[in-house]
Amino acid sequence: MKIALDADGVLFDFQTSWRLCAEGVLGRALPLCGQHYDLGQRYGLKNAEVHKVWAVWNTTSGWLRAQPIESGMRAAHMALDLGHEVYVVTCLPNIRAAEERRRALDRWGLDKAALIPVYGASKLNALKTLRPHFYADDRAIHCREARDAMVPEIVRIHAWGPEQLPDGVCEYPDVGTALSDFLKRHAPLHVGPCNGNPYPGRASASGWPQLQATRETEGDV
Ligand SMILES: [Mg+2]
């Protein structure tokens with residue numbers, strides 16, 4: 001089966017990674033100001049500060065250095081190990097970001113997962129072309145696009161805050177649980193525990209300068 005996954009909020013902990021980058025750039029801790037998707041609102045930043053952080057993120061290989069979400073990585077490895085096709089469908093700003101993301105997937109042992117970068121805000125055409133059997137995303141807008149693309153199983157991963165979900169879209173705390181439930185229903189003979197090291201050949205995660213890497217406690221994401 002074709003398993004399609006978003007990257008940020010599903011495989012990579014973008015929110016925490018960006019916050020750590022921002023704290024290093026701005027030289028102060030950034031407590032959460034609210035469960036907003038918008039980074040400025042989320043951390044109470046001015047537009048100029050957000051732009052400053054993005055500039056550093058882009059020049060320090062932020063897309064490569066983003067921290068993985070262990071449950072997401074484990075789920076992707078499980079799907080590949082079971083013989084399914086895994087596609088990572090992710091919105092990115094440019095080709096350089098896509099190259100970094102490709103290297104990040106390789107770094108965490110997902111070299112057999114196909115990367116489908118989307119240079120824009122909509123994943124609709126990519127999902128229509130791909131026609132996956134399962135799709136997971138942390139944003140309701142992309143879940144809605146998946147529904148419009150007639151994807152039969154769509155899950156929203158609760159990565160950063162609440163959202164109004166389209167009809168037929170279920171919410172899960174992590175993609176591992178969602179994917180296991182899906183495969184049990186549609187490929188029950190092939191589902192089993194994912195044993196052993198889920199990240200063959202994994203690199204060690206690198207923290208952002210000045211601050212130790214820590215995870216947010218708000219429900220990870
Ligand atoms: Mg996302």
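Helices (H or I, at least four residues) and strands (E, at least two) are DSSP runs numbered from the N terminus. The model on display is predicted: local features need pLDDT of at least 70, side-chain atom pairs count only at pLDDT 80 or more, and totals for chains, interfaces and linings use all residues. Residues are numbered from 1 along each chain as its sequence is written.

**The whole chain**

Begin with the full chain in cartoon view; it holds nine helices and six strands. Of its 221 residues, 35% count as buried (20 or more other C-beta atoms within 10 Å of a residue's own, against 12 or fewer for exposed and partly exposed in between, with C-beta atoms placed from the backbone). Consider next the contacts (C-beta atoms, placed from the backbone, within 7 Å) between residues at least 6 apart in sequence: 65% of them join residues at least 24 apart.

**The sheet**

Select the six strands. They form an open sheet in the order 3-2-1-4-5-6, with parallel pairing (two strands pair if DSSP finds at least two bridges between them). Its edges are strand 3 (114-118) and strand 6 (170-172), each of which pairs on one side only. From one strand to the next, the twist averages 25 degrees.

Now centre the view on strand 1, residues 2-5, and on strand 2, residues 85-91; four bridges join these two parallel strands. On the strand 2 side, Ala4 stands opposite Tyr87. Strand 1 also pairs with strand 4 in the parallel sense, over three bridges, and here Ala4 faces Tyr135 of strand 4.

**Strand 5**

Move on to strand 5, which runs parallel to strand 4 and is joined to it by four bridges. Along this pairing, Phe134 stands opposite Glu153 of strand 5. Strand 5 is largely enclosed by the rest of the structure, because five of its five residues are buried. In a regular strand the side chains alternate between the two faces of the sheet. Display the side chains of strand 5: Glu153, Val155 and Ile157 point one way, whereas Ile154 and Arg156 point the other way.

Select Val155, a member of strand 5. Why is Val155 buried? It counts as such because 26 other C-beta atoms lie within 10 Å. Beyond the residues up to four places away in sequence, Val155 touches Ala136, Val169, Cys170, Tyr172 and Ala178. A distance monitor from Val155 to Asp174, C-alpha to C-alpha, should read 9.6 Å, although they are 19 residues apart in sequence.

**Helices 8 and 9**

Add helix 9, residues 175-186, which lies across strand 1, strand 4, strand 5 and strand 6 and runs at about 165 degrees to strand 4 (angles, from 0 to 180 degrees, are between N-to-C directions of lines fitted to C-alpha atoms, for helices over the stretch in contact). Within the chain, Leu179 is in contact with Ile3, Ala75, Ala79 and Phe134, leaving aside its neighbours within four places in sequence.

**Helix 5 and the core**

Turn to helix 5, residues 70-81. Its 12 residues reach 16 Å from first C-alpha to last, close to the 16 Å expected at 1.5 Å a residue (1.5 Å times one less than the number of residues). Which residues of helix 5 are buried? They are Ser71, Gly72, Met73, Ala75, Ala76, His77, Met78 and Ala79. Their cover includes strand 1, strand 2 and helix 9. Just after helix 5, inspect Gly83, where phi is positive at about 90 degrees.

Select Ala76 within helix 5; Ala76 counts as buried because it has 28 C-beta neighbours inside 10 Å. Its contacts, apart from neighbours within four places in sequence, are Leu5, Leu11, Val86, Leu110 and Ala113. Ala76 and Leu11 are 65 residues apart in sequence, yet 8.2 Å apart in space, C-alpha to C-alpha.

Finish at the largest nonpolar core (a set of buried Ala, Val, Leu, Ile, Met, Phe, Trp, Tyr and Cys residues joined through C-beta atoms within 7 Å). Of its 51 residues, Leu5, Leu11, Ala76 and Leu179 touch the most other members. This core draws at least three residues from each of domain 1 (2-12 + 67-190) and domain 2 (14-65), with bounds taken from an automatic or database domain assignment.

How values were computed. Two residues are in contact if their C-beta atoms, placed from the backbone, lie within 7 Å.
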